[in-house]
There are 4 protein chains.
Amino acid sequence: MRRTIIKESIDLFDKKGYSKTSIQDIVNSIGATKGTFYYYFNSKQELLRDIHLSYIQELLQEQEVILHDQNLTSKDKIRKLILLIIRKIRTHGKSARVFTREIRHLEEEHIQNVNSIKREFRLNFQKVLEDGIDKGEFRKDLRSDIVIFGILGMVNRSYNWYNPDGEVSEEELVDIYMDIIINGLKNKSEI
Amino acid sequence: MRRTIIKESIDLFDKKGYSKTSIQDIVNSIGATKGTFYYYFNSKQELLRDIHLSYIQELLQEQEVILHDQNLTSKDKIRKLILLIIRKIRTHGKSARVFTREIRHLEEEHIQNVNSIKREFRLNFQKVLEDGIDKGEFRKDLRSDIVIFGILGMVNRSYNWYNPDGEVSEEELVDIYMDIIINGLKNKSEI
Amino acid sequence: MRRTIIKESIDLFDKKGYSKTSIQDIVNSIGATKGTFYYYFNSKQELLRDIHLSYIQELLQEQEVILHDQNLTSKDKIRKLILLIIRKIRTHGKSARVFTREIRHLEEEHIQNVNSIKREFRLNFQKVLEDGIDKGEFRKDLRSDIVIFGILGMVNRSYNWYNPDGEVSEEELVDIYMDIIINGLKNKSEI
Amino acid sequence: MRRTIIKESIDLFDKKGYSKTSIQDIVNSIGATKGTFYYYFNSKQELLRDIHLSYIQELLQEQEVILHDQNLTSKDKIRKLILLIIRKIRTHGKSARVFTREIRHLEEEHIQNVNSIKREFRLNFQKVLEDGIDKGEFRKDLRSDIVIFGILGMVNRSYNWYNPDGEVSEEELVDIYMDIIINGLKNKSEI
DNA sequence: GATGAATGAGTTTTCATTCAT
DNA sequence: GATGAATGAAAACTCATTCAT
């Protein structure tokens, strides 16, 4: 039941937004009553926090698997990290959107909590880039923090428009992103 | 007065979010009464729509100046378009954040309206890229729609973390973005 | 309207108790809506606090008039103080009962506040007794603090059973209390 | 278990009040579940009634022992009756406070029931006074009903402020009360 | 004896909106 | 132009109670 509530809430939060989704809406759509909701959650806020924490924690765990893989070059790791994010769109697109959109509806304390995990995720990513720079895989003249913010912006925003069932597959999307990031748009054949 | 209400609302919507900001909050912070609000606006919704429309319309107009400049290469135009967006952070950061965050609180009809202008802005951007490809400025093997989504994601998300008063200037930020986009990260000196 | 709400609330709190009286009950009985209630009060708690504070503050003011009357002996003052309390039963019996019964439903902070005023009232009373002892009006062998607690207990509890429209008048009731307190029950004619 | 529930409830009702104590609170603090509560009690109301009835019935029984003691003068009996009440503060202070404060949360029917026992207790007390008057122990010019209300008010209210572990012992407190009641405050040495 | 899930009726509170003045 | 009183619909939340197991 707890699971059902979370699942349905993510659906509704994605569709209508957190603040426009009432507890009544949630329980109506699973055929339960408000009492039931409050049997499993102390507040609407707690539900939102659960959604956020379980999302980002899972993402962080999956990131760690990639980070610890000794056989990958830095470029490979970046590719896999981008794929990790894009793949979430297909498997957990709604959660992903709720996660990015509704964080401001968390109470300050929980925001801090979630943000520190997000920060860890970002810094891990940045570390991969910096390792690649050290090893000579990437150019060293660009600020790695800003590059990572840029890459994450590019990739994360896909949640807003990317349709995994459309004409571009996950792999193709990641290829394009990687290609821009690694090689840029300049037409070198010209030279 | 109307102007004052809008300005204060943007501040509050940025700080607390649209749904958590009450009309009472708005009029309190400008020392007016609810009656006054409803003298100038028919509804809270109308206020939000005004904020969105005026933001995106202004952006579109500024975009058009760039598009019609005959002296610029495609690359120059892309640079100027990116600068246009980044510059908004300093001059209209709050509006920019409200614009990206609160669109979902618009009524369906206004969302359509705003989205069609956003779409126009994006397609204009894409047209610049495609012109550059045609002229041989850029490689032709990447889907331009996705590339533009990527670039906009990268640039737009700056609202979330970029501090124009920090150690990286607007111009430097745009330089970095342009460098990635045009040249990529690969270390060519290696070759 | 604010006044009407307070008046009706006192009636209802007296009749049914604070926790069993809903805002709905209050506004129903004055033909208003919940919105109206919250236009005048921020919370049910604030209403209760208002009732308590205005009651005890008024009582304290009236006490001060008596305390400062230079023409009265200590015994006269005690009599007048007792009469003050008893008289409240007729004029503000409901408030008086709400005041004694519902204080525990105030939030901690307000309880403190009210209690410190109650304390002041009691200590003022005690001072009168002690002055009388110093002047030889009363015996000096009894702890004045406990005597005052006793007197106040005796007098205050009248709220629970005394009917000012019954066969014993206010003055008669005060006479009896004064007689016990000053002269005791012992049959001296015996001696 | 039943006993445990009652004991814990008295604690909580004393601390937070009947209406602010939920069944959940009660069972939480004894490590049981709501099901258990309803196995032993049909309702929260029944629990409150039990607390009230057992308290007042016990008090009445103890009163009767005193009443039937042939060796005591009326004054002795009054002293013992007052001591009976004061002593309850140490042995059953919480019950005593719950008993006085929460009676209004009983349903009408049970209030009647409890009140008729309280009435019996009071009339028994009054009877002792009247016997004393008849025997010439006490003056006959004061209404015995009101005198008893006064004495009970004085004594009962001790629940509110008297600390049996403080500097005044039970016996001393009763002495003071008795002294006021029997001899009054007037300074007779003056005459 | 005891439990835990579920309920539903009720509670306080919020707030966009209206409207007479 | 502006106000302030009033509204009503809906929100989050509480909790005594039921009941199958």
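This section describes how the protein chains meet DNA strands E and F in a predicted model, and how chains C and D are related.

The surface near DNA strand F comprises 28 residues, of which B:T36, B:Y40, C:T36, C:Y39 and C:Y40 come nearest. By class, this surface has 9 nonpolar, 13 polar and 6 charged residues. Helix 3, spanning residues 34-40, contributes at least two residues to the surface from each of chains A, B, C and D. On the DNA side, sugar or phosphate accounts for 66% of the strand F atoms within 4 Å of the protein, and bases account for the rest.

Several side chains approach the phosphates of DNA strand F. In chain A, a polar side-chain atom of A:Y38 is placed 2.9 Å from a phosphate oxygen of the strand, and an N or O atom in the side chain of A:K44 is 2.8 Å from a phosphate oxygen. In chain D, the side chain of D:Y38 has an N or O atom 2.8 Å from a phosphate oxygen of DNA strand F.

Around DNA strand E there are 27 residues, and those that come nearest are A:T36, A:Y39, A:Y40, D:T36 and D:Y40. The surface near strand E is made up of 9 nonpolar, 12 polar and 6 charged residues. Here too, helix 3 of chain A, of chain B, of chain C and of chain D each supply at least two residues. Of the strand E atoms within 4 Å of the protein, 65% are part of sugar or phosphate, with the rest in bases.

The phosphates of DNA strand E are approached by both backbone and side-chain atoms. A backbone N or O atom of B:I23 is 2.7 Å from a phosphate oxygen of this strand. In chain C, a polar backbone atom of C:I23 lies 3.0 Å from a phosphate oxygen of DNA strand E. From chain D, the side chain of D:Y40 places an N or O atom 2.2 Å from a phosphate oxygen of the strand; D:Y40 is also one of the residues that come nearest to DNA strand E.

Chains C and D were compared by superposition. A turn of 180° with a shift of 0.1 Å along the axis lays chain C on chain D with an RMSD of 0.1 Å. This is the relation of a two-fold axis. Both copies use the same surface, as 100% of the contact residues of chain C recur in chain D.

Terms used. Residues are numbered from 1 along each chain as its sequence is written. Chains are lettered from A and ligands numbered from 1 in the order in which they are written. This is a predicted model: local features need pLDDT of at least 70, side-chain atom pairs count only at pLDDT 80 or more; totals for chains, interfaces and linings use all residues. Side-chain values use heavy atoms; hydrogens and water are left out. A residue is near a molecule or strand if one of its heavy atoms lies within 4 Å of it. A polar contact is a pair of N or O atoms within 3.5 Å; within protein, one must be able to donate a hydrogen and the other to accept it, and residues adjacent in sequence count only if both atoms are side-chain atoms. Helices (H or I, at least four residues) and strands (E, at least two) are DSSP runs, numbered from the N terminus. Ala, Val, Leu, Ile, Met, Phe, Trp, Tyr, Cys and Pro count as nonpolar, Asp, Glu, Lys and Arg as charged, and the others, Gly among them, as polar. Copies are superposed by least squares on the C-alpha atoms of residues with pLDDT of at least 70 in both. Contact means heavy atoms within 4.5 Å.
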